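Biologist: Please take a close look at one part for me, namely any enclosed empty space in the protein, and then follow the neighbouring elements outward from there. I would rather have one connected account than a list.

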Amino acid sequence: MSNLNGKVIVITGASSGIGEATARLLAARGAHVVLGARRTERLEVITSEIQAAGGSAAYMQLDVTRLEEMEQFIQFAVHTYGQVDVLLNNAGVMPLSALEEIKVEEWNRMIDVNIRGVLHGIAAGLPLMKQQSNGHFINIASIGAYSVTPTAAVYCATKYAVKAITDGLRMETDSNIRVTLISPGVTESELADTISDEHARQAMKEYRSVSIPASTIANAILYAIEQPSEVDVSEMIIRPAASIH
């Protein structure tokens with residue numbers, strides 16, 4: 001069993017799904033985890049349960065669409081644990097609908113959370129990691145970063161953007177800052193709960209009938225983090241075996 005040796009790992013979108021599963025796993029492996037999300041009541045429960053199990057965790061309310069809150073989140077982690085070793089940009093929304101439905105507010109929400117949220121994480125974390133001469137960004141994209149499906153044009157566009165931003169960040173940073181892109185296939189989460197369009201919601205229920213648990217993605221994140229400092233796990237796609245046949 002790996003030991004993360006007190007690494008400080010900050011996680012956005014940590015109140016459920018991949019973020020929650022990752023926080024629990026990494027804390028169990030010896031990391032200090034700092035959880036951020038809008039739902040503080042969920043963060044409080046998760047943090048308390050991690051601590052009760054002997055792990056080290058703290059939380060702060062966070063809206064990734066607000067740069068100042070992301071900066072405060074990083075400052076909170078440094079104040080609490082002294083540094084930030086890994087930033088997991090995980091927060092995301094997926095209110096799918098056909099373009100002809102003209103759900104502009106939902107399009108803007110996806111752009112704000114899925115793209116600006118990642119950029120805000122980079123803006124808040126990169127200066128610190130450069131100062132530390134050490135750090136690791138892990139950005140969560142999707143299989144939607146590789147191909148477009150009906151009702152998912154805007155969502156996929158945001159994930160294409162995350163892939164492009166991650167590739168650019170990797171090219172522009174020194175080797176002492178690692179950059180990883182993780183693209184989950186259909187994973188158990190609350191993402192589908194944000195779909196207001198009934199047709200898209202029903203289609204997604206059928207699509208998600210075969211899925212992998214969030215803990216599978218958490219294990220992939222653990223793998224990327226625990227590699228030696230000179231090894232950069234650049235990109236992983238993890239999806240249900242049944243979805244590729």
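Modeller: A cavity here is a set of grid points where a 1.4 Å probe fits but cannot get out, and its volume is the space filled by probe spheres set on those points. Please keep in mind throughout that this is a predicted model. With that meaning of the word, a search of the whole structure finds 1 cavity of 30 Å³ or more, and the volume of the largest cavity is about 40 Å³. Its lining is made up of Pro 95, Leu 96, Ser 97, Leu 99, Trp 107, Met 110, Thr 151, Ala 152, Ala 153, Val 154 and Tyr 155. Two elements, α4 and α5, give two or more residues to this lining, and the largest share, 3 residues, comes from α5.

Among the lining residues, Thr 151 deserves a pause for its backbone. Thr 151 belongs to the loop between β5 and α5, and its phi is positive, about 75 degrees, although the residue is not a glycine. Most residues other than glycine have a negative phi. Thr 151 has a relative accessible area of 22%, and it therefore counts as partly exposed, since buried would require a value under 20%. A second residue with this backbone feature is Ser 133, which is not a glycine either and has a positive phi near 60 degrees. Ser 133 sits in the loop between α4 and β5, and at a relative accessible area of 43% it is partly exposed.

From the cavity, the two helices lead on to the nonpolar interior. The largest nonpolar core has 39 residues, of which Val 10, Met 70, Ile 74 and Phe 137 touch the most other members. At least two residues of this core come from each of β1, α3 (67–81), α4 (104–132), α5 (153–172) and β6 (177–184), and α4 gives the most, with 9 residues. Hence α4 and α5, which help to line the cavity, also belong to the elements that supply this core. Ile 74 shows how the packing draws on distant parts of the sequence: leaving aside neighbours within four places, Ile 74 is in contact with Val 10, Val 84, Leu 87, Ala 124, Gly 125 and Leu 128. Apart from the largest core lies another, of 35 residues, which includes Ile 50, Ile 138, Ile 140 and Met 236.

The helix α4 also has a place in the chain's path through the sheet, where β4, α4 and β5 make a right-handed β-α-β unit. Within that unit, β4 and β5 pair in the parallel sense over 4 bridges, and Asn 89 has Asn 139 in β5 as its bridge partner. The side chains of β4 alternate, with Val 86 and Leu 88 pointing one way and Leu 87 and Asn 89 the other way, and all of these are buried.

β4 pairs with β1 as well, again in the parallel sense, over 3 bridges. In that pairing Ile 9 has Val 86 as its bridge partner in β4, while Val 10 stands opposite Leu 87. Both members of that last pair appear among the contacts of Ile 74, and Val 10 is one of the core residues that touch the most other members. In β1 (residues 8–12), 5 of 5 residues are buried. Val 8, Val 10 and Thr 12 point one way from the strand, whereas Ile 9 and Ile 11 point the other way, so that burial is found in both directions. β1 runs parallel to β2 (residues 32–37), to which 5 bridges join it, and Thr 12 stands opposite Gly 36 there. Together with helix α1 (residues 17–28), β1 and β2 make a right-handed β-α-β unit.

To return to the starting point, the place to look at in the display is the largest cavity, of about 40 Å³, with α5 giving 3 residues to its lining. From there α4 can be followed to the largest core, where it gives the most residues, and on through the right-handed unit that it makes with β4 and β5.

Technical notes. Residues are numbered from 1 along each chain as its sequence is written. This is a predicted model: local features need pLDDT of at least 70, side-chain atom pairs count only at pLDDT 80 or more; totals for chains, interfaces and linings use all residues. Side-chain values use heavy atoms; hydrogens and water are left out. Buried means under 20% relative accessible area, exposed over 50%, partly exposed in between (1.4 Å probe, protein chains only). Two strands pair if DSSP finds at least two bridges between them. A crossover is right-handed if, with the strands pointing away from the viewer, the path from the first strand over the helix to the second runs clockwise. A nonpolar core is a set of buried Ala, Val, Leu, Ile, Met, Phe, Trp, Tyr and Cys residues joined through side-chain atoms within 4.5 Å. Contact means heavy atoms within 4.5 Å. On a 1 Å grid over the protein atoms alone, a cavity is a set of points where a 1.4 Å probe fits but cannot get out, and a pocket is an open set with protein on both sides within 12 Å along at least five of seven lines; lining residues have an atom within 4 Å of a point.
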